[in-house]
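This report concerns a single protein chain and the arrangement of its helices, cores and loops. Please consult the sequence and the structure shown here while reading.

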Amino acid sequence: ACPPSVVVLESCAVEDPLLAINILIILILALRFSCTAYRCLYTVYRGVTIMATRRVGFLGLGVMGKQMAKQLLRSNIEVVVWNRSMDKTNELVEDLGATAMGSPAEVVAASDVTHAMLSDPAASEAVVLGPDGVLAAMEPGRSFIDHTTTSEHSSTKLQAAIGAKGGRFLAAPVSGGWRDAAKGELLFIAGGDRSLFDESSA
């Protein structure tokens with residue numbers, strides 16, 4: 001069965017051939033992992049636009065996640081962070097004013113919207129569904145945006161679990177490398193709750 005609400009995004013011109021190839025790859029994956037009834041287009045964001053204007057959580061501070069969290073902090077957004085290796089939070093806390101928490105659940109409880117950039121679908125499911133995970137603190141009024149490159153099965157599973165707790169879910173995997181993240185020029189393919197997308201990209 002199809003997940004209940006998938007965002008249809010507006011397209012824009014892309015001149016960089018490498019970026020165009022990345023877009024094509026993501027579109028193929030997006031179409032593979034979605035129902036045929038969905039129109040899956042693309043959009044390019046310059047600057048950090050997949051974000052909230054309130055308190056934001058960020059889970060996963062690897063090469064990509066750290067750069068994305070830095071963009072939020074440099075935009076004067078209050079950010080709460082978590083990483084399995086807590087030493088990776090030090091730079092963001094000491095230099096940019098982030099607040100570190102001890103578990104994903106604590107981050108969700110302290111945030112209006114929580115973002116995640118994790119290594120793979122298994123890591124994403126563990127962080128959401130595991131002990132002291134995202135789901136433990138999810139409730140109506142809270143939202144989760146997953147930037148992990150994932151699968152239809154995993155995204156549908158997380159969407160159903162978060163929705164059952166009254167939360168909102170958006171899958172927004174990215175195309176681009178850490179240099180693009182550092183410049184706020186990642187490309188996002190977003191699917192899920194339309195109201196969350198509209199609020200986060202305003």
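The axes of α5 and α7 approach to within 10 Å and cross at roughly 10°, where axes are lines fitted to C-alpha atoms, for helices over the stretch in contact, and angles run from 0 to 180 degrees between N-to-C directions. Because angles under 35 degrees count as roughly parallel, α5 and α7 are roughly parallel to each other. The contact (heavy atoms within 4.5 Å) is formed by P121, S124, E125, V128 and L129 of α5 together with S154, K157, L158, A161 and I162 of α7. Helices (H or I, at least four residues) and strands (E, at least two) are DSSP runs, numbered from the N terminus.

This is a predicted model, in which local features need pLDDT of at least 70 and side-chain atom pairs count only at pLDDT 80 or more, while totals for chains, interfaces and linings use all residues. Residues are numbered from 1 along each chain as its sequence is written, and side-chain values use heavy atoms, with hydrogens and water left out.

**The helix pair in detail**

S154 lies in helix α7. At 1% relative accessibility, S154 counts as buried, a term for residues under 20% relative accessible area, with exposed meaning over 50% and partly exposed in between (1.4 Å probe, protein chains only). Leaving aside residues up to four places away in sequence, S154 touches P121 and E125. The side chains of S154 and E125 make a polar contact at 3.1 Å; such a contact is a pair of N or O atoms within 3.5 Å, and within protein one must be able to donate a hydrogen and the other to accept it, with residues adjacent in sequence counting only if both atoms are side-chain atoms.

E125 is itself among the buried residues of α5, together with A123, S124, V127 and V128. The cover over these buried residues includes β2 (56–59), β3, α4, α6, β6 (143–146) and α7 (152–164). At the start of α5, a side-chain oxygen of D120 comes within 3.2 Å of the backbone nitrogen of A122.

**Nonpolar cores**

A nonpolar core is a set of buried Ala, Val, Leu, Ile, Met, Phe, Trp, Tyr and Cys residues joined through side-chain atoms within 4.5 Å. The largest such core has 25 residues, of which F58, M68, V79, V81, L92, V174 and L186 touch the most other members. At least two residues of this core come from each of β2, α2, β3 and α9 (194–200), and α2 gives the most, with five residues. A second, separate core of 23 residues includes W82, M101, A116 and F144.

**Loop residues with positive phi**

Two residues other than glycine have positive phi values.

| Residue | Phi | Loop |
|---|---|---|
| N76 | near 65° | between α2 (63–74) and β3 (79–82) |
| D132 | near 55° | between α5 (121–129) and α6 (134–137) |

N76 counts as exposed, at 74% relative accessibility.

**The chain as a whole and its confidence**

The chain comprises nine helices and ten strands. Of its 202 residues, 51% count as buried. Among contacts between residues at least 6 apart in sequence, 69% join residues at least 24 apart.

The mean pLDDT (the predictor's confidence in each residue, from 0 to 100) is 80, and 73% of the residues reach 70 or more. Confidence is highest in helix α4 (residues 104–109), at a mean of 98, and lowest in strand β1 (residues 43–44), at 36. The pLDDT is below 50 over residues 1–15 and stays under 50 over residues 33–53. Where pLDDT is low, the predicted coordinates should not be read in detail.

Technical notes
Angles under 35 degrees count as roughly parallel, over 145 as roughly antiparallel, 65 to 115 as roughly perpendicular and the rest as oblique.
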